[in-house]
Amino acid sequence: MRFVSRRYAELVAATPNDISPLLFLVAGLVGILQTHYEVVDWRGYEMVSLARNLADHGAFANPFFAANTGPTAANPPLYPLGLAFLMKLLKLPPLIYGAAVLGSIMANAITAALLPYVSFLFFGEVISGASASVLWLGAMQPLPVWDASYTVAGLLLFCLLTASDINKSKHVVRLGALAGIVAGLLFLLNPSSLLVFLPWLFYLCIRRRVHAPHALKYCFVLLVALCILPIAWAARNYRQLGAFVVRTNLGMTLYASNNDCAQSTLRQELSSGCYKAHHPNLNVREAELLRRLGEVRYDHMRIADTKDWIFSNPGRFLRLTLTRIRDFWFPPAEVGSWYHAHFISIITALSLPGLILMGYRREPVTPFVLGVLLLYPLMYYIVVTDIRYRFPILWLSLLPAGYCVRQLLEVSKKWGTP
């Protein structure tokens, strides 16, 4: 017991620099081990198809497996661009796949290493962050076909970067522009990240009572720089697709998620054939219709079709939505591997008392965490559940879960003191 108490005291006194390198190393080793048991067949995935088309033809087009459909904005561009670079550089499919997997492992390891820094920022201590990192080891997984691992690491870096720079009085324009470019890249990686980093900026301004001219200038420059890349992407879509839009996949996703054969999770719909019957990635008829109408018109049409179905089947839609709310927070085994799904459920369960404790102790960051956890998932309650949708805000459950673990350690230490 004295040994445990001594080690706990050392952890209390630790800084992020003391433990983050070890967490990075352990997460990397766990990630390598995972690849031995979780080989991903990345044929048929939209971002991989986009990357291949970019590498072969230099065009951001033809994301769907069923048929070529032409220029697209159905997926954000940054991750396919990265994969296309690997394809051009490495040429051989095994090398390309290995590099994509290694990149995802590295991003997951960076997340494990950054959580103690964010914990120190949030709570002034690293124990919650170290506990969050340990829980992350069970929930994380290499996802070479999607952007999720990079989005999580990018959001953590953005929070740390802006918290450090917002009060600096020197090089304000340069620092704000850098943070804005990071935010713009995050947006092109996953547009939904906007629902995390904008509330974070609002929290920084309110919490730190930003009134100094240099801080206001920092925020202004950041927001201006943030707009550059998304506007450029939307302008490209206007030229290629005829509409000033960022993404065009809402209609197809809603339509494949809400219909007579719809089920809660993506895996269930794939197994039953329902997803194949409604989504252009797997259905030739839908892909041909999309090509004939164009993505923008197809998107509007499928949004209207989904609205009609919801109004005609309100009870069925309500049951699907309630099931998806449950599955988002406590994913069933079929959403991903049973191991990761159960770990995410454990994280959610621990985060609930953690959030209550944070509110009771008036931790300043609590409104930000609660706000994002309430706002971000709304769009995912009405589409099929998939484990990757949870990842961009999983860290906001991990830190309250770690906060709860820290309290449990405190209690057990007191009980163990003679």
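## How α8 and α10 cross

In this predicted model, helix α8 passes helix α10 in a right-handed crossing. To find the pair, look at residues 172–189 for α8 and residues 213–241 for α10. The two helices pack at an angle of about 35°, and their axes are 7 Å apart. What sort of residues make up the contact of α8 with α10? They divide into 18 nonpolar, 4 polar and 1 charged.

Just ahead of α8, in the loop that joins α7 (148–165) to α8, sits histidine 171. Its backbone is worth a look: phi of histidine 171 is near 55°, which is a positive value in a residue other than glycine.

## How α5 and α7 cross

Now for another helix pair. Helix α5 covers residues 93–123, and its axis comes within 8 Å of the α7 axis. The two cross at roughly 35°, and here α5 passes α7 in a left-handed crossing.

On the α5 side, the residues that meet α7 include Ala100, Gly103, Ala107, Ile110, Leu114, Val118 and Leu121. Among their partners in α7 are Tyr150, Val152, Ala153, Leu156, Cys159, Leu160 and Ala163. Sorted by class, the contact of α5 with α7 has 16 nonpolar residues, 5 polar ones and no charged ones.

## The nonpolar cores

The largest nonpolar core has 91 residues. Which of its residues touch the most other members? They are Phe122, Phe158, Trp200, Val365, Phe368, Val369 and Trp395.

Tryptophan 200 is a handy place to start exploring. Leave aside its neighbours within four places in sequence, and tryptophan 200 is in contact with Leu121, Phe122, Phe158, Cys159, Thr162, Ala163, Val365 and Phe368. Two of those names, Leu121 and Cys159, also turn up in the contact between α5 and α7. There's a second, separate core as well, made of 6 residues, with Phe64, Ala74, Leu289 and Leu290 among them. As background, nonpolar side chains in soluble globular proteins tend to be buried together.

## One disulfide, and two cysteines outside it

How many disulfides does the structure hold? There is 1, formed by cysteine 261 and cysteine 274, with their sulfur atoms 2.0 Å apart. The torsion about the S-S bond of this pair is about 80°, so the disulfide is right-handed. Cysteine 261 lies in the loop between α11 (250–257) and α12 (266–272), while cysteine 274 is in helix α13 (residues 274–278), 13 residues apart. The two ends sit in unlike surroundings: cysteine 261 counts as partly exposed at 32% relative accessibility, whereas cysteine 274, at 2%, counts as buried.

Cysteine 219 is in no disulfide. The nearest cysteine sulfur belongs to cysteine 205 and is 3.6 Å away; why doesn't that pair count? A disulfide needs sulfur atoms within 2.5 Å, so this pair misses the cut-off. Cysteine 219 is buried, with a relative accessible area of 14%. Cysteine 227 is in no disulfide either, and the nearest cysteine sulfur, that of cysteine 219, is 13 Å away. With a relative accessible area of 38%, cysteine 227 is partly exposed.

## Two buried threonines

Threonine 306 is part of helix α15 (residues 295–312). Is it buried or exposed? Threonine 306 counts as buried, at 2% relative accessibility. Beyond its neighbours within four places in sequence, threonine 306 is in contact with Gly251, Leu254, Tyr255 and Asn258. For a sense of distance, threonine 306 and cysteine 219 are 87 residues apart in sequence and 39 Å apart in space, C-alpha to C-alpha.

Threonine 321 lies in helix α16 (residues 314–329). At 13% relative accessibility, threonine 321 counts as buried. Not counting residues up to four places away in sequence, threonine 321 touches Tyr381 and Ile382.

## Asparagine 62

Where is asparagine 62? Look in the loop between α3 (46–57) and α4 (78–90). Phi of asparagine 62 is near 55°, a positive value in a residue other than glycine. Although asparagine 62 is in a loop, it counts as buried, because its relative accessibility of 16% falls under the 20% cut-off.

How values were computed
Residues are numbered from 1 along each chain as its sequence is written. This is a predicted model: local features need pLDDT of at least 70, side-chain atom pairs count only at pLDDT 80 or more; totals for chains, interfaces and linings use all residues. Side-chain values use heavy atoms; hydrogens and water are left out. Axes are lines fitted to C-alpha atoms, for helices over the stretch in contact, and angles run from 0 to 180 degrees between N-to-C directions. Helices (H or I, at least four residues) and strands (E, at least two) are DSSP runs, numbered from the N terminus. A crossing is left-handed if the near helix is turned anticlockwise from the far one by less than a right angle, and right-handed if clockwise. Ala, Val, Leu, Ile, Met, Phe, Trp, Tyr, Cys and Pro count as nonpolar, Asp, Glu, Lys and Arg as charged, and the others, Gly among them, as polar. A nonpolar core is a set of buried Ala, Val, Leu, Ile, Met, Phe, Trp, Tyr and Cys residues joined through side-chain atoms within 4.5 Å. Buried means under 20% relative accessible area, exposed over 50%, partly exposed in between (1.4 Å probe, protein chains only). Contact means heavy atoms within 4.5 Å.
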